[in-house]
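Work through these short exercises with the model in view. Try each task before reading its solution.

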Amino acid sequence: MRKGSRLKPLARAVLRSQSDERLVALSREGRDAAFEEIVRRYRPGLVAFAAAYAPPDRAEDVVQESFVSSWDALRRSTEEIRLKPWLYTIVRNRALNARRDARPHVPLSEEIEGVREPAEIALTN
């Protein structure tokens, strides 16, 4: 057994024990595993939260898009953040945008007439 394979579960356990502040700092240093821990920690709650605001079929996408934008924002910024409320704010805003952008779709009845068929149009011109 390789030595490195034993460290991986241990490293994961150490990351799980870190505070949000430490995970933010590690993420800003470019440690992908720290951001993966943030995602693991907050994703389930964020998806449920997004489902309350966004169309139900968009909740997962909203959270995924939010994590992408938060990853970029974390790496660009050095300001202190409170991770949990910051993530929930990002998700809420994206979810509201998704709801706003969703176009209501009501299928038209086959019995509705009123639009001439292309053949009819061609015959009248």
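**Exercise 1.** Which residues of helix H2 (residues 20–28) are buried?

This is a predicted model, where local features need pLDDT of at least 70, side-chain atom pairs count only at pLDDT 80 or more, and totals for chains, interfaces and linings use all residues. Residues are numbered from 1 along each chain as its sequence is written, and side-chain values use heavy atoms, with hydrogens and water left out.

Step 1. Apply the cut-off: buried means under 20% relative accessible area (1.4 Å probe, protein chains only).
Step 2. List the hits in H2: Asp20, Leu23, Val24, Leu26 and Ser27.
Step 3. Look down the axis of H2. The buried residues fall within an arc of 165°, so they line one face of the helix. The arc is taken from the directions from the helix axis to the C-beta atoms.

**Exercise 2.** Find how H2 and helix H4 (residues 59–76) cross, and which residues touch.

Step 1. The two axes come within 8 Å and cross at roughly 80°.
Step 2. That makes H2 roughly perpendicular to H4, a label for angles of 65 to 115 degrees.
Step 3. Contact means heavy atoms within 4.5 Å. H2 brings Val24, Ser27 and Arg28; H4 brings Trp71, Leu74 and Arg75.

**Exercise 3.** Name the residues that touch the most other members of the largest nonpolar core.

Step 1. Such a core is a set of buried Ala, Val, Leu, Ile, Met, Phe, Trp, Tyr and Cys residues joined through side-chain atoms within 4.5 Å.
Step 2. The core has 24 residues, and Ile38 and Phe67 touch the most other members.
Step 3. H3 (32–53) gives the most, with seven residues.

Technical notes: Helix = DSSP H or I, 4+ residues; strand = E, 2+ residues; numbered from the N terminus. Axes fitted to C-alpha atoms, helices over the stretch in contact; angles between N-to-C directions. Parallel < 35°, antiparallel > 145°, perpendicular 65-115°, else oblique. Buried < 20%, exposed > 50% of the residue type's maximum accessible area, 1.4 Å probe, protein only.
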